[in-house]
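Q: Hi! I'm new to this one and would love a friendly tour. Can you walk me through it?

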Amino acid sequence: MGKFICIHGHFYQPPRENAWLEAVELQDSAHPYHDWNERITAECYAPNAFARMLNGDGQITEIVSNYSRISFNFGPTLLAWMKERSPDVYAAILEADRQSRERFSGHGSALAQVYNHMILPLANPRDRYTQVLWGIRDFEARFGRSPEGMWLPETAVDTPSLETLARLGIRFTLLSPYQAKRIRPIGGGDWEDVSGGLIDPKTPYLVQLPEGRRLAIFFYDAPVSQAVAFEHLLSTGERLAHRLLDAFIDDRPEDQLVHIATDGESYGHHHRHGEMALAYALHYLEASQLARLTNYGEFLASHPPTMEVELHAPSAWSCPHGVDRWRRHCGCNSGGRPGWNQHWRQPLREALDWLRDQLAPEYETQARTYFRDPWAARDAYINVILDRSDDTLQAFFAQHACRPISQDAWVPCLRLLELQRHALLMFTSCGWFFDELSSIETVQTIQYAGRALQLARDLLGLDLEDRFLNILARARCNVPEHGNGRRVYEKFVRPAIVDREKVGAHYAVSSLFETYPEQARIYSFTCVREDQQVFEAGRYRLVMGRALIRFEITRNSDVLSYGVLHLGDHNLNCGVRIYQGPEAYQQLVQEMSEAFSRADFAQIIRLMDRHFGESNYSLKSLFRDQQRKILNQILASSQEDVESRFRQITDAYTPLLRFLEDLGAPLPAALQAASHFILNADLRRQFESENLDPARVLQILENSRRTSVELNWPSIAYAAQGNLERCMLGLSANPDDLALLARAADVAALARDLPFELNLWKSQNAYFEMLRQLRPDRQTAADTGDATAADWLRQFLILGDRLGFQP
């Protein structure tokens with residue numbers, strides 16, 4: 001009997017990009033990280049690409065890729081974000097699939113995924129096909145091969161979904177054992193009921209599809225998968241390995257596959273250091289030779305199914321009520337909110353279905369004026385999404401346009417296709433999964449609907465918003481102040497809507513605080529300055545100009561004129577309008593500059609009202625990241641003033657504070673607040689400095705301990721982590737700099753002594769790379785009497801010890 005083990009991780013985050021900016025904006029709930037994608041990458045995706053192997057003393061002996069030894073899938077929209085924002089992790093994931101092909105008989109471990117995690121049994125046939133096709137094409141573009149298997153969102157399945165997978169060349173998928181209904185030998189025989197999770201998961205099965213196609217199904221081991229996700233099985237790697245081995249049936253003569261499937265985020269994000277437990281479990285299994293690691297493609301090639309299966313359809317792994325979790329109140333929720341309900345799910349589904357069905361015929365009618373087959377063009381649009389270069393667009397239009405199309409005519413074509421892209425994105429499953437209509441995941445799906453509504457109005461002259469909101473209004477929030485779906489749209493979606501004037505206002509206002517080049521990229525927009533005139537009088541400033549704003553996604557552009565009056569701090573007024581020609585522009589500049597020269601600010605406001613009408617913008621109109629950056633600039637002087645006052649208080653009352661400490665008496669609230677502010681500011685400033693003083697850091701920490709002042713550990717740990725990372729980055733670029741090497745060792749020693757744990761992942765990776773690349777030659781040189789190499793090696797090994805590596 002052969003024993004085989006496969007561990008599958010479903011790595012996925014919902015699309016978080018602003019539907020207009022095509023970028024993830026600042027998310028304060030992910031602090032100290034910029035957003036949740038960045039945070040979960042730091043806690044899970046990156047650590048699994050470079051997982052630590054430890055010895056008995058907890059020291060690093062090796063850094064390995066978990067991905068190369070497991071089965072995995074990544075959501076296409078997550079990989080698109082990662083390629084831009086975390087390219088080293090992205091490259092490591094692609095490389096892991098290449099390594100897995102070498103390890104597993106030419107079968108890669110990566111599986112494709114349905115494009116934006118749409119629940120396929122609830123999709124119409126056209127959308128279902130596009131979603132599967134886009135997932136495959138995205139996979140091929142990234143991994144350089146065709147996928148053998150595909151992950152179904154929430155493992156939601158029905159017969160049409162499997163037909164679509166098989167039609168597009170997918171060979172297998174993974175399901176929960178509770179989705180199996182009955183089995184029998186291939187070729188005939190009596191059916192055996194296996195409902196309730198009774199199917200044997202140690203072998204693949206075959207689904208015979210109505211159109212004559214076939215698809216293999218692997219049913220994962222539910223008890224072990226459940227233990228990984230919810231029963232702390234990742235507390236040690238050896239415990240995980242033994243639980244997997246215990247799942248084998250020893251007296252069975254045939255080969256067995258023990259395999260599990262969980263959210264990949266279990267390994268590091270949900271369970272801290274889960275990636276290390278996984279790495280050790282994989283190592284233990286390989287070293288002990290008690291079972292052989294494999295992936296699904298390799299096992300299927302050597303173990304074709306002998307049994308066929310029928311499924312409960314529709315069904316999913318995260319809802320025992322079929323797929324009701326994504327269309328009505330079925331009782332499934334995240335828990336912990338007694339009294340809440342999810343009746344909002346049904347009107348949300350109805351509103352989006354209605355919008356989709358209103359848009360489809362309009363799209364088809366309009367698109368036929370440009371494309372031979374509008375729906376084939378939509379299917380092929382994934383190639384443009386992956387590469388929006390002129391060459392790709394020219395090839396796309398050459399293949400699908402019904403006549404030669406000039407670049408000017410690209411704009412309506414691309415806007416039609418973007419209309420359809422957002423009509424797909426709005427069905428991302430996370431919009432229904434959680435407990436509340438006003439959650440960020442659900443608001444994100446409604447935001448995609450908002451973008452589709454905007455395109456329908458601007459492009460097709462079709463105003464569907466009010467009717468859409470009438471349906472959405474039937475969805476009631478559990479949070480009273482958010483009311484219903486209409487209120488959620490007005491409160492969270494409408495303010496996020498971006499038009500050309502809002503982009504122009506962002507460019508105009510931010511140009512007061514940042515010097516842009518003549519051509520600047522602001523998210524998915526290119527802003528080309530055609531003219532700008534600045535007038536200053538003390539703290540007051542007046543900026544007027546005109547700029548070409550081009551949306552790079554659809555290539556449409558407009559020239560806007562603008563004016564901004566800044567009265568200091570956060571007080572400013574901005575107006576934007578379509579450029580009216582040279583005469584109107586010169587009149588605007590002349591009238592407003594003359595009023596400014598007289599310091600007649602009231603007249604400037606009146607002129608702005610006359611020239612720009614109701615187009616009035618302020619700092620509130622800026623996109624979130626730039627808004628926060630500018631507010632920090634504005635607050636800097638106030639922060640310095642507050643710090644100065646608090647420092648005077650703490651300096652003046654230090655003797656009293658120490659006397660109270662000796663007595664064990666509580667500090668007065670006012671003095672404690674001042675001490676809290678100063679100690680946190682001093683510690684943060686130390687870690688943000690390139691001349692960190694370890695002795696001063698330890699002194700601040702001791703003062704905090706003695707006065708029982710609580711420090712802001714997450715922010716300070718993030719700053720300390722960044723200081724060490726900058727040291728290691730500098731050392732990687734200049735490895736022969738002994739002073740820099742010594743400084744890195746000092747900072748690493750300090751990091752080890754801090755009363756909180758740092759994420760040393762990047763610093764340790766940098767060291768490990770130098771260990772592999774540089775140490776062998778330095779060791780050889782030191783062994784032959786090179787004193788400089790010997791000194792370098794000594795200091796380098798000290799650094800490694802302080803970073804947690806085995807000497």
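A: Happy to; we'll go through strands, helices, rings and cores in turn. Keep in mind that this is a predicted model.

Q: Let's start with β1. Is it buried or exposed, by and large?

A: Eight of the nine residues of β1 are buried, so the strand is largely enclosed by the rest of the structure.

Q: Which strands does β1 pair with?

A: There is β12 (residues 256-263), which runs parallel to β1 and is joined to it by eight bridges. Strand β13 (residues 292-293) also runs parallel to β1, with two bridges. Then there is β4, paired with β1 in the parallel sense over four bridges.

Q: Which residues sit across from each other there?

A: I5 has V258 as its bridge partner in β12. F4 is partnered with R292 in β13, and F11 stands opposite F74 in β4.

Q: F11 and F74 are both aromatic. What cluster are they part of?

A: Ring pairs link F11 and F74 into a cluster with Y45, Y67 and F72.

Q: Nice. Changing topic: what does helix α2 pack against?

A: The buried residues of α2 pack against β1 (3-11), α1 (36-49), β4 (71-74), α3 (87-103), β5 (110-113) and α4 (125-143). Those buried residues are P76, T77, L78, L79, W81 and M82.

Q: And how covered is α19?

A: Helix α19 (residues 500-510) is mostly covered, with ten of its eleven residues buried. Among them are V503, H506 and Y507.

Q: What surrounds those buried residues of α19?

A: They pack against five strands and a helix that I can list for you: β15 (519-522), β16 (525-537), β17 (540-551), β18 (557-566), β19 (572-578) and α22 (624-663).

Q: Let me ask about single residues. Where is N66?

A: N66 sits in the loop between β3 (60-64) and β4.

Q: A loop, okay. Is N66 buried or exposed?

A: N66 has a relative accessible area of 0%, which means that it is buried, as the cut-off for that is under 20%.

Q: What does N66 have around it?

A: Leaving out residues up to four places away in sequence, N66 touches N48, A51, E275, L278, A279 and L282. With N48 there is a polar contact between the two side chains, at 2.9 Å.

Q: What about K181?

A: K181 is in strand β8 (residues 180-185). Its relative accessibility is 39%, so K181 counts as partly exposed.

Q: Which residues does K181 touch?

A: Not counting residues up to four places away in sequence, K181 touches E192, D193, V194, S195, E310, L311 and H312. As for I199, which is 18 residues from K181 along the chain, the C-alpha atoms of the two are separated by 8.5 Å.

Q: Back to aromatics. How many aromatic pairs are there?

A: The count comes to 41 aromatic pairs. Take F172 and F218: their ring centres are 5.6 Å apart and their planes are at 85 degrees, so the pair is edge-to-face.

Q: Where do F172 and F218 lie?

A: F172 lies in strand β7 (residues 172-175) and F218 in strand β11 (residues 214-219), so the pair ties together parts that are 46 residues apart in sequence. Both F172 and F218 are buried.

Q: Got another pair?

A: Sure: Y523 and F623 are edge-to-face too, at 6.0 Å centre to centre with 70 degrees between the planes. Y523 is in the loop between β15 and β16, while F623 is in the loop between α21 (601-612) and α22, so this pair ties together parts that are 100 residues apart in sequence.

Q: And how accessible are Y523 and F623?

A: Y523 is partly exposed, with a relative accessible area of 26%, whereas F623 is buried at 4%.

Q: Which charged residues lie over ring faces?

A: Two to look at: R577 lies over the face of F612, 5.9 Å from the ring centre, and R778 lies over the face of W792, 4.5 Å from the ring centre.

Q: Last topic: how many residues are in the largest nonpolar core?

A: That core has 106 residues, and those with the most contacts inside it are W326, L355, F371, F397, F468 and Y489. F397 touches F371, I405, W410, C413 and L414, not counting residues up to four places away in sequence.

Q: What about a second core?

A: A separate core of 76 residues includes F72, F104, L120 and L240. You may remember F72 from the ring cluster with F11 and F74.

Technical notes
Residues numbered from 1 in each chain as written. Predicted model: local features only at pLDDT ≥ 70, side-chain atom pairs only at ≥ 80, totals over all residues. Heavy atoms only, no water. Buried < 20%, exposed > 50% of the residue type's maximum accessible area, 1.4 Å probe, protein only. Contact = heavy atoms within 4.5 Å. Polar contact = N/O pair within 3.5 Å; in protein donor to acceptor, adjacent residues only side chain to side chain. Phe/Tyr/Trp six-rings, centres within 6.5 Å; stacked < 30°, edge-to-face > 60°. Lys NZ or Arg CZ within 6 Å of the ring centre and 35° of its normal. Pairing = 2+ DSSP bridges. Core = buried A, V, L, I, M, F, W, Y, C linked by side-chain atoms within 4.5 Å.
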